[in-house]
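Dear colleague,

I am handing over the structure we spoke about, and my notes on it follow below. Please read them with the coordinates open beside you.

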There are 2 protein chains.
Amino acid sequence: MAIMDYSEELAAFGLKNTKNRKEILKTLVDSSQPLTADQIYFQLNQNGEMMNLSTIYRTLSTLSEKGMLQKVVLVDESKTLYEYNRQIHKHYLICQDCRAIVPIEHCPIAEYEKQVSQEMNFHVIGHRLSIYGYCQDCWKKRSS
Amino acid sequence: MAIMDYSEELAAFGLKNTKNRKEILKTLVDSSQPLTADQIYFQLNQNGEMMNLSTIYRTLSTLSEKGMLQKVVLVDESKTLYEYNRQIHKHYLICQDCRAIVPIEHCPIAEYEKQVSQEMNFHVIGHRLSIYGYCQDCWKKRSS
DNA sequence: CTACATGCAAACCGTTTGCACCCTA
DNA sequence: TAGGGTGCAAACGGTTTGCATGTAG
């Protein structure tokens, strides 16, 4: 991601260019993982960027509607996660122990979607795939 | 699924055999789709099977822990869905319009899991895949 | 100057829990 | 008859909303 001011991007989506929105966008762009609203809240607070939690929720939903962010929902995790939408099709490895979320960029089922479209009379527009198990560290701990 | 009394199955998991549990299990076994707690609640109420919502929640979580049920979580759906665990690996087509959920039994990524295990140093134990788009009816409506 | 963004507090809603009572094993 | 199951009401926690104020365009 090139260094950029999010002003242009916000404007392109017809949104006012406010400090809060830029901070939230920046936080998500810089994160290697999807984040929850309160993770963003605490992270910004630590950096001295005070902001109300409800502002964060409102911003996350506005940006998601515009397609700038993507929602991620996981089983056994009651909070919604958000990530910057880099337009790169992506999936996740989720460690069942430490809950680490590792994005992977190869998608194994593009071909399969076409097949489903034809065989099931279903017009496919996308899919979500997450793979779960244990990361190397947690797997070692478990087997010891 | 053969006609059965769920008593044995419950006993096999060390659970007491109560009317409520049997009704909930039966509801899920008979359903072609995963159901939410309140869908089960209303469905049972219609059939004259009064039962407290919290009993349903407790039963769903007990049966899930035992592996008799599986949780399903979808983006843009705040409620958790539950389905009877037929031990058949399965995925879903989800219509973005009418929210219909169509289970599909072929899994396109068994092979890919092995690859991930090796390349990413991640011990894979499973995955979740859902495919979304529009069912035939809703797609027709949209394009007209 | 106006419409949209924000802070604050309260509401919302799916889910969980404490407690007294009930019932299965 | 003991220990788990259930109903009821209240709590919980993530998220949303109403309203008054602030601010970008």
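**Contacts with DNA strand C**

In this model, an N or O atom in the side chain of Arg21(A) lies 2.7 Å from a phosphate oxygen of DNA strand C. Please keep in mind throughout that the model is predicted. Two further side chains approach the phosphates of that strand: a polar side-chain atom of Asn20(A) is 3.3 Å from a phosphate oxygen of DNA strand C, and a polar side-chain atom of Tyr57(B) is 2.4 Å from a phosphate oxygen of DNA strand C. The elements that contribute two or more residues to the surface near DNA strand C are helix H2 (19-30) and H4 of chain A, together with H4 of chain B, and H4(A) gives the most, with four residues.

Taken as a whole, the surroundings of DNA strand C comprise 18 residues, of which Thr18(A), Arg21(A), Thr55(A), Asn17(B) and Tyr57(B) come nearest. By class, this surface has two nonpolar, 10 polar and six charged residues. Of the atoms of DNA strand C that lie within 4 Å of the protein, 68% belong to sugar or phosphate, with the rest belonging to bases.

**Contacts with DNA strand D**

DNA strand D is likewise surrounded by 18 residues, and the closest are Tyr57(A), Thr18(B), Arg21(B), Thr55(B) and Arg58(B). Here the surface has two nonpolar, 10 polar and six charged residues, and 65% of the atoms of DNA strand D within 4 Å of the protein belong to sugar or phosphate, the rest belonging to bases.

Three individual contacts with DNA strand D may be worth inspecting on screen. A polar side-chain atom of Thr18(B) lies 2.8 Å from a phosphate oxygen of DNA strand D, while in the case of Thr80(A) a polar backbone atom is 2.9 Å from a phosphate oxygen of DNA strand D. Ser54(B), by contrast, addresses a base, with a polar side-chain atom 3.3 Å from a base nitrogen of DNA strand D. Helix H4 (53-65) of chain A, along with helix H2 (19-30) and helix H4 (53-65) of chain B, each supply at least two residues of the surface near DNA strand D, and H4(B) gives the most to this surface, with four residues.

**How the two chains are related**

Chain A can be superposed on chain B by a rotation of 180 degrees with 0.0 Å of shift along its axis, at an RMSD of 0.1 Å. The two copies are therefore related as by a two-fold rotation axis. Among the residues of chain A, Leu129(A) comes closest to that axis, its C-alpha being at 2.1 Å. Because 100% of the interface residues of chain A are also interface residues in chain B, the copies meet through the same surface.

**Chain A and the nonpolar core**

Chain A contains six helices and six strands, which from the N terminus on run α-α-β-α-α-β-β-β-β-α-β-α. Along the principal axes, its C-alpha atoms fill a box of roughly 50 × 45 × 30 Å. Of the 144 residues of chain A, 43% count as buried, and among the contacts in chain A with a separation of 6 or more, 45% are between residues 24 or more positions apart.

The largest nonpolar core has 28 residues, and Val116(A), Ile131(A), Val116(B) and Ile131(B) touch the most other members. Strand E4 (91-95), helix H5 (110-120) and strand E6 (122-135) of chain A, together with strand E4 (91-95), helix H5 (110-120) and strand E6 (122-135) of chain B, each supply at least two residues of this core. Leaving out residues up to four places away in sequence, Val116(A) touches Asn121(A), Phe122(A) and Val124(A), as well as Leu93(B), Ile104(B) and Ile131(B) of the other chain.

**His127(A)**

One last residue to look at is His127(A), which is located in strand E6 of chain A. His127(A) counts as buried because its relative accessibility is 8%, below the 20% cut-off. Its side chain makes a polar contact of 3.3 Å with the side chain of His91(A), and a polar contact of 2.2 Å joins the side chains of His127(A) and Glu113(A). Beyond its neighbours within four places in sequence, His127(A) is in contact with residues of both chains, including His89(A), Cys107(A) and Ile109(A) as well as Leu129(B), Ser130(B), Ile131(B) and Tyr132(B).

With best wishes

Key. Residues numbered from 1 in each chain as written. Chains lettered and ligands numbered in written order. Predicted model: local features only at pLDDT ≥ 70, side-chain atom pairs only at ≥ 80, totals over all residues. Heavy atoms only, no water. Near = heavy atom within 4 Å. Polar contact = N/O pair within 3.5 Å; in protein donor to acceptor, adjacent residues only side chain to side chain. Nonpolar A, V, L, I, M, F, W, Y, C, P; charged D, E, K, R; others polar. Least-squares fit on C-alpha atoms with pLDDT ≥ 70 in both. Contact = heavy atoms within 4.5 Å. Core = buried A, V, L, I, M, F, W, Y, C linked by side-chain atoms within 4.5 Å. Buried < 20%, exposed > 50% of the residue type's maximum accessible area, 1.4 Å probe, protein only.
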